Amino acid sequence: MSTDKEKNECPILDPSLCNLRVLCVSVVNVVLTSSKLAVLLLFIIPPVLSQNQSTPPHPTGVLRLRVRVKIDEATRGLSRKRFYLIKGTLEQNKPVLDAAEQRPVVSRDCFYSKLGASQALIDWLKAGDCESVYCREVDQEFISGPKAVPEFASAYAAGEKEFGAGDVRRKWLTNNLSAQLRDGFYQHQRSALQALIKQAEALSGTAVLSVMTDRNGTAYFTDLDPGPYVLTSLLPAEVGRSATNWNCEVQIKPGDIATEKPYLVSNRKDRNVKCVAVEKPLPVCEK
């Protein structure tokens, strides 16, 4: 017998049809409840599965450079020198290395000598192994006194009206040097490097990586895809009285660790040295 509630929910004449309707509604409610539960489980389960079935990280390697050079009888770390890593073998990168080899070597001394720079300025740059006057601070002793650099003294005097006396005037004296004297050699080298890097990237299809050694001659290339690379200085570095250039093929393996596998680079052969430089005498400056 149908209840008053059922009659209200099913105001039809045939009680059997009403009972059938109530049954159908109950079934639909069960299905909807099950569907909601299924949807809820979809949001809960995937994170658990993703943690258990996640793809392992792409294996990479690290190359730790340790650059040591011997000048006369002294051996030291080569500081503040940039090295490059080009994807591919020496043979694959031969056009780039040949182009670098064919560029005339221009030494820092000859570049500034040709500009008519004083010997005192040339010596100041050489003492700090500087490519520009920005590589170290110009102390007062290089403005006046026996160690004075004429270009610095003139630039300091030119700043009197703008900066007056005091330390500010000394620190801003480089503004009163010509652009070529400030960083002409650096810009010259930079232009040549940019052209070679552009050629290397077009050839290999990947970006050329670069690092600069610290004061101890150490540097790191990180997150390297496994495979062959060319470690190179691209342009020769001035080491003592030599133009020193490195071009070596190095194989990066998955899991190579920086602290465990240092890659020793030098200008002298040794059983532990992995990459030996080719050295040529620096050119004689034209008078």
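Tutor: A residue counts as buried under 20% relative accessible area, as exposed over 50%, and as partly exposed in between. Please keep in mind that this is a predicted model.

Student: Is Phe 163 buried, partly exposed or exposed?
Tutor: The relative accessible area of Phe 163 is 23%. Because buried means under 20% and exposed means over 50%, a residue in between falls into the middle class. Phe 163 is therefore partly exposed.

Student: How are the rings of Phe 163 and Trp 172 arranged, stacked or edge-to-face?
Tutor: Trp 172, with a relative accessible area of 45%, is partly exposed. Its ring centre lies 6.1 Å from that of Phe 163, and the two planes stand at 25°. Since planes under 30 degrees apart are given one particular name, the pair of Phe 163 and Trp 172 is stacked.

Student: Which helices does the aromatic pair of Tyr 112 and Phe 185 link?
Tutor: A search of the whole structure finds 7 aromatic pairs, and one of them joins Tyr 112 to Phe 185, tilted, at 6.5 Å centre to centre with 50° between the planes. Tyr 112 is buried at 1% relative accessibility, and Phe 185 is buried with a relative accessible area of 3%. The two residues are 73 residues apart and belong to distant parts of the chain, so we look up the helix of each, and these are H4 (residues 108-114) for Tyr 112 and H9 (residues 179-204) for Phe 185.

Student: Which residue forms one aromatic cluster with Tyr 112 and Phe 185?
Tutor: We have just seen that Tyr 112 and Phe 185 form a tilted pair. The cluster that holds both of them also includes Phe 111.

Student: Which element gives the most residues to the largest nonpolar core?
Tutor: In soluble globular proteins, nonpolar side chains tend to be buried together. Here the largest nonpolar core has 23 residues, and those with the most contacts inside it include Leu 63, Leu 65 and Tyr 263. Among the elements that give two or more residues to this core are strand E1 (61-71), strand E3 (82-87) and strand E10 (262-266). The element that gives the most, with 4 residues, is E1.

Student: How many residues does the other core have, the one that lies apart?
Tutor: This second core lies apart from the largest one, and among its residues are Cys 130, Ala 155, Leu 177 and Phe 185. Phe 185 is the buried residue we met above, at 3%. The number of residues in this other core is 20.

Student: With which strand does E1 run parallel?
Tutor: E1 pairs with E5 in the antiparallel sense over 5 bridges, and there the partner of Arg 66 is Thr 218. E1 also pairs with strand E2 (residues 74-77) in the antiparallel sense, over 4 bridges. A further 5 bridges, with Arg 68 standing opposite Ser 266, join E1 to its parallel partner, E10.

Student: Why is one side of E7 and of E12 left without a neighbour in the sheet, and which strand lies between them?
Tutor: Strand E7 (237-239) and strand E12 (278-281) stand at the edges, each with a single partner strand, so one side of each has no neighbour in the sheet. The sheet is open, its pairing is antiparallel, and in the order of its 3 strands the one between E7 and E12 is E8.

Notes: Residues numbered from 1 in each chain as written. Predicted model: local features only at pLDDT ≥ 70, side-chain atom pairs only at ≥ 80, totals over all residues. Heavy atoms only, no water. Pairing = 2+ DSSP bridges. Phe/Tyr/Trp six-rings, centres within 6.5 Å; stacked < 30°, edge-to-face > 60°. Buried < 20%, exposed > 50% of the residue type's maximum accessible area, 1.4 Å probe, protein only. Core = buried A, V, L, I, M, F, W, Y, C linked by side-chain atoms within 4.5 Å.
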